[in-house]
Amino acid sequence: MRVLHFSDAHLGAEIHGKKDPQTGMHSQLKDFLRCMDFVVETAIEKQVDAVLFTGDAYHNRRPDPLSQREFIKRIIALSDKGISVLLLAGNHDLPPVFGEASALDIFEIVRIPGVIFVRKPNVVNLMTRKGELQVVCIPYLPRRALVTFEEERGLDEDGIQKLMARRFDDLVEKLVKNSQFSDAPTILAGHIWVQGAEFAGSEKIMSAYLEPVVPPSTLRNPKFAYVALGHIHRHQAFDDFSPPIVYAGSLGRLDFGEEKQPKGFVMVELEQTQRGQWIANWEFIQTPTRPFVTIKVDVRNSNNPFQSVAEAIGKSQIDGAVVKVQIFAKESQRELINLAKVRELMEKRADHIVSVEFLADERYDVDFAVERNHQEFEELLRRDLISLLEDWLDELAKKDKEIGERKKRIVELAQKLREALSEKE
Ligand SMILES: [Mn+2]
């Protein structure tokens, strides 16, 4: 049986790019849809039996209709070809307020043949053209799904974390114990944080205070042939034991933290050994997402600084990329480098120019001239407060190293404060 595992599509993210005035489509959405098209094409071409999506379809919990239309369209394209699809709820797929509808609930209302959406921990039998696939589903579980407010009384942060991890372990054990498994292959699909996983940097703030951190041993049940994970955006695998535990990673690049990381999805071949045990062979396939490129050029010893910048740009692979330029220069060279002209050099090649920075004597100018339009300010207003705090601390840390060192702690405290306030409501 052949399964395609992908995750964290984040349609509707508008971090880097601009909106096409004709279609209202942002260039980041275009990029992510191109990646999702590639998923659909590959699934059809390689004749996969099932597609497993491990959460975060949309970037916003109240996604815009354009993102929804395009996501649903592609899921239907899979269904039309007889491919079964399982959609698992990620943190971005949960309603903003407890009890409200999830954007993916629509898949439960408008039934598409072979497509199911799983929002609660459950064991699901996915029928495929090659027979049954048993999937132990663990969607994103916030702290409150595992531990009540009353149970936390008297516990410190560490105690709460331990209780959450234990509850998670119990939950998986119970799910497995109470299910009647057939001889068909069984896998686990989760939108969870596994201990030891490395972040990409584009995940929403993750704190061990808000959700369980799952030890890999919890997932190492010999019943599972493969563990398909979403939530953490860096593709990685815990592959040294069986079953393989694999994060597909986000489908496309969200920001510069992922500049050097490959993005893609996973092809999984499930095979039965002579003893009847199911095992998985998997392969990572890269998506055609936009490259992110930072060009750093030091012109302090150059006689013709503009020429040096132009050469550095000429040598860089910026075609179709999201680009940032940092020019390290002497104050006296300021007049010699026209930042607008630097921008012009890239306009035809790059998909999007984020900034051209002139950095001299620790003071620098940022050429955001074309960038900061009304829409971007609006986006700024919609951003998560904690991530704004983080940016601000990063800014302060440029002048005061100590702030950089204390950033993690400050952010943790801010999260706690927010949590405490939301409990009061
Ligand atoms: Mn995500």
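## Burial and overall dimensions

A residue counts as buried here if 20 or more other C-beta atoms lie within 10 Å of its own, with C-beta atoms placed from the backbone. By that criterion, buried residues make up 35% of the 425 residues in the protein chain. The model is a predicted one.

The protein chain contains 11 helices and 18 strands. Its radius of gyration is 24 Å, close to the 22 Å that the globule rule gives for 425 residues, so the chain is as compact as a globular protein of that length. The C-alpha trace spans about 75 × 55 × 40 Å along the principal axes. Of the contacts between residues at least 6 apart in sequence, 70% join residues at least 24 apart.

## The six-stranded sheet

Six strands form an open sheet with mixed pairing, in the order S5-S6-S7-S10-S12-S11. Strand S5 (122-128) and strand S11 (236-238) are at the edges; each has a single partner strand, so one side of each is left without a neighbour in the sheet. On average, neighbouring strands of this sheet are turned by 25° against each other, direction ignored.

Within the sheet order, S7 is followed by S10. Strand S7 covers residues 186-191 and strand S10 covers residues 226-230, and the two pair in the parallel sense over five bridges. One residue pair in this register is Ile187 with its bridge partner Tyr226 in S10.

## The S13-S14 hairpin

Strand S13 (residues 264-272) and strand S14 (residues 278-286) pair in the antiparallel sense, over nine bridges. Val266 has Phe284 as its bridge partner in S14.

Five residues lie between the strands of this hairpin. Gly276 in the hairpin takes a positive phi near 95°.

## Positive phi outside glycine

Asp56 is not a glycine, yet its phi is positive, at about 70°. This residue lies in the loop between strand S2 (50-53) and helix H2 (65-80). Is Asp56 buried or exposed? Asp56 has 26 other C-beta atoms within 10 Å; the cut-off for a buried residue is 20 or more, so Asp56 is buried.

His231 is also not a glycine and has a positive phi of about 115°. The loop that holds His231 runs between S10 and S11, and S11 is one of the edge strands of the six-stranded sheet. With 25 other C-beta atoms within 10 Å, His231 is buried.

Methods. Residues are numbered from 1 along each chain as its sequence is written. This is a predicted model: local features need pLDDT of at least 70, side-chain atom pairs count only at pLDDT 80 or more; totals for chains, interfaces and linings use all residues. Two strands pair if DSSP finds at least two bridges between them. Helices (H or I, at least four residues) and strands (E, at least two) are DSSP runs, numbered from the N terminus. Axes are lines fitted to C-alpha atoms, for helices over the stretch in contact, and angles run from 0 to 180 degrees between N-to-C directions. The radius of gyration is taken over C-alpha atoms; the globule rule is 2.2 Å times the number of residues to the power 0.38. A residue is buried if 20 or more other C-beta atoms lie within 10 Å of its own, exposed if 12 or fewer, and partly exposed in between; C-beta atoms are placed from the backbone. Two residues are in contact if their C-beta atoms, placed from the backbone, lie within 7 Å.
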